[in-house]
Amino acid sequence: MRYRLTFIVGLAVGYVLGTKAGRERYEQLRKSARQVAQNPAVRNTAESAAQQGRQFADKAYHVVSDKVGDRMPDSVAQRVRSLRERNGSGPDDWGTSNT
């Protein structure tokens with residue numbers, strides 16, 4: 001899915017940069033993109049995808065931590081602990097628009 005989205009974005013950028021329609025067409029495309037981005041359904045879908053991604057990452061973290069456990073060198077374990085303490089232990093708000 002990521003590659004498809006990257007391709008579509010690249011296609012849109014190429015079209016905008018290569019078009020002979022000029023600034024007027026660029027403004028139309030920009031307005032359309034803004035409307036799509038501000039659509040509540042699109043925002044909710046993006047937030048839900050971000051939340052699911054965080055949940056899957058959290059599950060993966062716990063699975064890996066359980067499997068690696070004692071085999072991780074102390075220096076790596078200390079570095080991970082220090083990063084977690086520095087970033088805070090609460091849930092992050094990455095990917096949320098708080099709407």
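# Helix α1, a pocket and a salt bridge

L5 lies in helix α1. The model that holds this residue is a predicted one. L5 is a useful place to start, and the description moves outward from there.

At 53% relative accessibility, L5 counts as exposed, because the cut-off for that class is over 50%. L5 also belongs to a nonpolar patch on the surface, together with V9, V13 and L17. The accessible area of these four residues together is about 410 Å².

Helix α1 itself runs over residues 2-18 and has 17 residues. How far apart should its ends be? At 1.5 Å a residue, the helix should span 24 Å, and its end C-alpha atoms are 24 Å apart, so the expected span and the model agree. Helix α1 is hardly covered, since the count of buried residues among its 17 residues is 0, where buried means under 20% relative accessible area.

The whole chain can be set beside this helix. The chain has 4 helices and 0 strands, and read along the sequence it follows the pattern α-α-α-α. Of its 99 residues, 3% count as buried. The accessible surface of the chain comes to about 9,000 Å², and carbon and sulfur atoms account for 57% of that surface.

Next comes a pocket. L5 is one of the residues that line the second largest pocket, and V9 of the nonpolar patch is another. The rest of the lining is made up of A12, Y15, V16, L29, R30, S32, A33 and V36. Which helices supply at least two residues each to this lining? They are α1 and α2, the latter covering residues 23-38. The space in the second largest pocket is about 340 Å³.

R30, from the pocket lining, leads to the last feature. Side chains of opposite charge can pair when their charged atoms come close. A search of the whole structure finds 1 salt bridge. E27 forms a salt bridge with R30, and their closest N and O atoms are 3.7 Å apart. Where do the two partners sit relative to each other along helix α2? E27 and R30 are 3 residues apart in that helix, which means that about one helical turn separates them. Both partners fall in the class between buried and exposed: E27 is partly exposed, with a relative accessible area of 31%, and R30 counts as partly exposed at 38% relative accessibility.

Key:
Residues are numbered from 1 along each chain as its sequence is written. This is a predicted model: local features need pLDDT of at least 70, side-chain atom pairs count only at pLDDT 80 or more; totals for chains, interfaces and linings use all residues. Side-chain values use heavy atoms; hydrogens and water are left out. The expected span of a helix is 1.5 Å times one less than its number of residues. Buried means under 20% relative accessible area, exposed over 50%, partly exposed in between (1.4 Å probe, protein chains only). Patches are made of residues with over 30% relative accessible area and no salt bridge: like charges are joined within 9 Å, nonpolar side chains (Val, Leu, Ile, Met, Phe, Trp, Tyr) within 5 Å. Accessible areas come from the Shrake-Rupley method with a 1.4 Å probe; for residues, only the protein chains shown count as cover. A salt bridge is a side-chain nitrogen of Lys or Arg within 4 Å of a carboxyl oxygen of Asp or Glu. On a 1 Å grid over the protein atoms alone, a cavity is a set of points where a 1.4 Å probe fits but cannot get out, and a pocket is an open set with protein on both sides within 12 Å along at least five of seven lines; lining residues have an atom within 4 Å of a point. Grid points are joined across faces, edges and corners, and a volume is the space filled by probe spheres set on the points.
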